[in-house]
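Subject: Structure for your attention

Dear colleague,

Please find below the sequence and structure that I am handing over to you. A summary of the findings follows directly after it.

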Amino acid sequence: MGEGGVYGSGYMGENSTPDVFRYITNGILDGWELSGKIAGILVIDDIETIIDPDASTFDKGLAAAGFLPLGKLIKGGKIVVKLANKEKEIEVAVEATDTAIQAAAKLSNKQIKHILNGHMPDTFAKQVNYMPEADFTKYLEDNTFFNSSWTKEDIISGVETAYQSAFKDGVTGRYDYYYNGEYIRLFIDSNGNLSSAYGLNKLTKSYFGK
């Protein structure tokens, strides 16, 4: 069976962009959209920084204007990045090339940490001895894991590949993607943000030596 996605119901470095920073901090943001000049300057590195609040360019540029990322969606062959501050929402659009889609679907460090801590068996195992027994039991009942033979790199690659597929197709909600012989399940919110990703393997207490 080839790799691919299945729709379903459910929930869920320092980059340098001095021109973007200069235009934003000079107050060219006006009305409900960025000026064409700013939008034209944005490149792939800027897509990554716009959608990652931890990125240095985001902190220096958009944060200077008080904007935070809300989400990113494909509309009419373009990737539209939504941002907002206390007063307004704006959108920045770039062509939805394969390279741009890869950048838009790239996992942030925060997302990677969340996914690995909660759903990579070896990483989760390091937390078990610090969990009350009742919480540990409940967690195993309610959650599933990636294949125990998958490395960190396998998981990140699988999730990003699945997210790229879902993002390109404009999918929100639950999305099951067949990768490396089994399914990965994603939940994507209505703004196109990845909220959760995990494998579908159930593990028992004995796996963790309990």
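I begin with Glu182, which is buried (under 20% relative accessible area, where exposed is over 50% and partly exposed lies in between, with a 1.4 Å probe and protein chains only). Despite this, Glu182 has no salt bridge, that is, no side-chain nitrogen of Lys or Arg within 4 Å of a carboxyl oxygen of Asp or Glu. The nearest side chain of opposite charge is that of Arg185, 12 Å away; here Lys and Arg count as positive and Asp and Glu as negative, while His and the chain ends are not counted.

Please note that this is a predicted model, in which local features need pLDDT of at least 70 and side-chain atom pairs count only at pLDDT 80 or more, whereas totals for chains, interfaces and linings use all residues. Residues are numbered from 1 along each chain as its sequence is written, and side-chain values use heavy atoms, with hydrogens and water left out.

What, then, do the side chains of Glu182 and Asn147 form? They are joined by a polar contact of 2.8 Å, and a polar contact of 2.8 Å also joins the side chains of Glu182 and Asn201. A polar contact is a pair of N or O atoms within 3.5 Å; within protein, one must be able to donate a hydrogen and the other to accept it, and residues adjacent in sequence count only if both atoms are side-chain atoms. Leaving aside residues up to four places away in sequence, Glu182 touches Asn147, Trp150, Tyr177 and Asn201, where contact means heavy atoms within 4.5 Å. Glu182 belongs to strand β6, residues 182-188; helices (H or I, at least four residues) and strands (E, at least two) are DSSP runs, numbered from the N terminus.

Arg185 has a partner elsewhere: its side chain meets that of Asp176 in a salt bridge (2.7 Å, N to O). Both Asp176 and Arg185 are buried, and a network of salt bridges links Arg174, Asp176 and Arg185.

The count of salt bridges comes to five. One of them joins the side chains of Lys205 and Glu133 at 2.8 Å, N to O. Lys205 lies in the segment after β7 and Glu133 in helix α8, so this pair ties together parts that are 72 residues apart in sequence. Lys205 is partly exposed at 29% relative accessibility, and Glu133 is partly exposed at 44%. The side chains of Lys138 and Asp142 also meet in a salt bridge (3.4 Å, N to O); these two residues are four apart in helix α8, separated by about one helical turn.

I turn now to the nonpolar cores. A nonpolar core is a set of buried Ala, Val, Leu, Ile, Met, Phe, Trp, Tyr and Cys residues joined through side-chain atoms within 4.5 Å. The largest has 23 residues, and those with the most contacts inside it are Leu107, Ile115, Ile155, Val159, Leu186 and Leu194. Two or more residues each come from α6, α9 (152-169), β5 (173-179), β6 and β7 (194-199), with α9 giving the largest share, six residues. Apart from this core lies another, of ten residues, among them Leu83, Val92, Val94 and Ala100.

Finally, Pro121, Thr123, Phe124 and Val128 are buried in helix α7 (residues 121-128). The buried residues of α7 pack against α6 (109-119) and α8 (133-142).

Yours sincerely
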